[in-house]
Amino acid sequence: MKFPRRYLLPTIILGTVLLAALLGWASGSGRLGESREDLNRKIATYINVLTTVRDERTQRPELDERIAGVVDRTLGNDLEHVDADLRRRIAELCEGSGLRDVTVSTLAASMVGTPARREFKRTASERAYRDEPDFARVGAVANGIGSLANAVGFLHALDAAPWAKRIESVRLDPVKDGQRIKVTVRVSTIFVPGLVPDPDMLPEVDQQRGIERYAGLIERNPFMVPKPPPQKPKPKPEPRPRPTPRKNPLAQWLLTGLIEGDPGEEAWCRHLGDGRSATLLPDVEIDLPGGGNVVLVGIDGDVATIRSGEETWRVLVGSTLDRRLP
C-alpha cells in the first residue's frame with residue numbers, strides 16, 4: 001500500500017515539530033546538561049587521580065631515600081637493642097667529657113601512629129595500614145658532676161652526635177661555690193620497627209660546630225659564687241702611754257723606832273732617799289719633807305697607828321709608812 005504523497009509533507013512537518021518539542025523539553029528540564037556536567041566531573045576526577053599516582057610514583061625514589069637517611073641515623077630496629085645502645089652512647093659521652101658520678105636511665109618507650117590514619121577505612125583490608133605505627137620513641141635521663149667545662153663539653157658532644165635524637169631538657173645546678181656543676185639532661189631518640197639502619201651510612205660529626213663558641217661562657221662561669229673583695233687590714237691602734245702612777249710620798253719614809261715614856265709617845269722616821277729624819281707626835285700633824293702629812297694616833301708594842309687625812313692605819317716598825325697592816 002503506497003503512502004499518499006499528499007500526506008508526506010504534513011507528516012514531515014508534524015514529526016519535526018514533535019522532535020523539536022521533545023528536545024526543548026529535555027534541554028529545559030536540564031537532563032542533557034546534567035549528564036554532560038557529571039561526565040565532565042568524572043573525567044576531571046579520573047585525570048586528577050592518574051596525575052597524582054604518576055607524581056607519587058615519580059617522587060617515590062626521593063621519598064625512599066629520605067626515609068632511608070632517617071633510618072640510618074637510628075640506633076636499631078628493636079626496643080632492646082636501641083635501649084642498650086642509647087644508654088651506652090650517653091655514658092661514653094659523659095665519661096669522655098670528664099663528668100663523674102654518672103648515672104644513665106632509660107624511660108618507657110612509646111609508639112607514634114601514622115598521621116595518615118584517617119585516610120584508611122576500618123575495613124579488614126585497610127585496618128593493617130590504619131593501625132601500623134610510623135616509629136617508636138625511647139627516652140633517657142643522664143646525670144653527672146664536673147666542672148663547667150666538663151658539663152659544656154658533654155652537652156656539646158651530645159648535640160653534635162650524628163645519631164637521631166632530641167634534647168628535651170637541660171638542667172645545670174651549681175655545687176657549693178659553683179666550681180663544680182651537676183648536669184641533668186633528658187634526651188629521646190626514635191627507631192622504625194623492622195627497618196635496620198646501615199651503620200656505614202651514619203654521617204660524621206659536624207666539625208664546624210666547635211666547642212670554641214662556648215669559651216666565653218666557660219671562662220666567665222656565671223655559676224661561681226664571687227669571692228669577697230680582700231679587706232684592708234685595720235691599722236693597729238697605737239698603745240696609749242700608761243699614766244705614770246703617782247708615787248706615794250709616804251713610801252719614802254721608813255718607821256725606824258717607837259718610844260713610850262716621858263714626855264710621851266714618839267715615832268721616829270727616816271727618809272730613804274736623803275736620810276733625813278722626822279719625829280711623829282700624838283695628835284700633831286707633821287708635814288713630811290717631800291710631801292705628805294701624818295699624825296701619830298698611838299703606839300702598841302712595835303706597831304704605830306697613824307692617820308693621814310680621813311684614813312687611819314697601822315704600820316709595823318721597819319716598814320715604810322705606806323705599808324699597812326691588815
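## Exercises: pockets, salt bridges and a strand

The second largest pocket has a volume of about 240 Å³. Here a pocket is an open set of points on a 1 Å grid over the protein atoms alone, where a 1.4 Å probe fits, with protein on both sides within 12 Å along at least five of seven lines; its volume is the space filled by probe spheres set on the points, joined across faces, edges and corners.

The model is predicted, so local features need pLDDT of at least 70 and side-chain atom pairs pLDDT 80 or more, while totals for chains, interfaces and linings use all residues. Residues are numbered from 1 along each chain as its sequence is written, and side-chain values use heavy atoms, leaving out hydrogens and water.

**Exercise 1.** Find the residues that line the second largest pocket, and sort them by class.

*Solution.* Step 1: look for lining residues, meaning those with an atom within 4 Å of a point. They are Arg60, Leu63, Asp64, Ile67, Ala68, Val71 and Leu195. Step 2: sort them. Ala, Val, Leu, Ile, Met, Phe, Trp, Tyr, Cys and Pro count as nonpolar, Asp, Glu, Lys and Arg as charged, and the others, Gly among them, as polar. The lining then splits into five nonpolar, no polar and two charged residues.

**Exercise 2.** Describe the largest pocket: its space, its central residues and its lining.

*Solution.* Step 1: the largest pocket holds about 370 Å³ of space. Step 2: among its 14 lining residues, Thr114, Glu132, Pro133, Asp134 and Phe135 are the closest to the centre. Step 3: by class, the lining has eleven nonpolar, one polar and two charged residues. Step 4: strand E3 (residues 133-146) contributes the most to this lining, with three residues. Strands (E, at least two residues) and helices (H or I, at least four) are DSSP runs, numbered from the N terminus.

**Exercise 3.** Work out how Asp85 and Arg88 are paired, and whether each is buried or exposed.

*Solution.* Step 1: side chains of opposite charge can pair when their charged atoms come close. Step 2: apply the rule for a salt bridge, a side-chain nitrogen of Lys or Arg within 4 Å of a carboxyl oxygen of Asp or Glu. Asp85 and Arg88 meet it at 2.4 Å, N to O. Step 3: place the pair. Both residues sit in helix H3 (residues 79-96), three residues apart, about one turn of the helix. Step 4: judge the cover. Buried means under 20% relative accessible area, exposed over 50%, and partly exposed in between (1.4 Å probe, protein chains only). Asp85 is buried because its relative accessibility is 10%, and Arg88 is partly exposed because it has 39%.

**Exercise 4.** Give the number of salt bridges, then look at Arg171 with Asp173 and at a network.

*Solution.* Step 1: the count comes to eight salt bridges. Step 2: one of them joins Arg166 and Glu168 at 3.3 Å, N to O; Glu168, with 36% relative accessibility, is partly exposed. Step 3: Asp173 forms a salt bridge with Arg171, with the closest N and O atoms 2.8 Å apart. At 24%, Asp173 is partly exposed, whereas Arg171, at 52%, is exposed. Step 4: shared partners link the salt bridges of Asp85, Arg88, Arg89 and Glu92 into one network.

**Exercise 5.** Place Val295 in the fold, and say how far its C-alpha atom is from that of Leu281.

*Solution.* Step 1: Val295 belongs to strand E10 (residues 293-300). Step 2: Val295 counts as buried because its relative accessibility is 7%. Step 3: Leu281 is 14 residues away along the chain, and the two C-alpha atoms are 6.9 Å apart.
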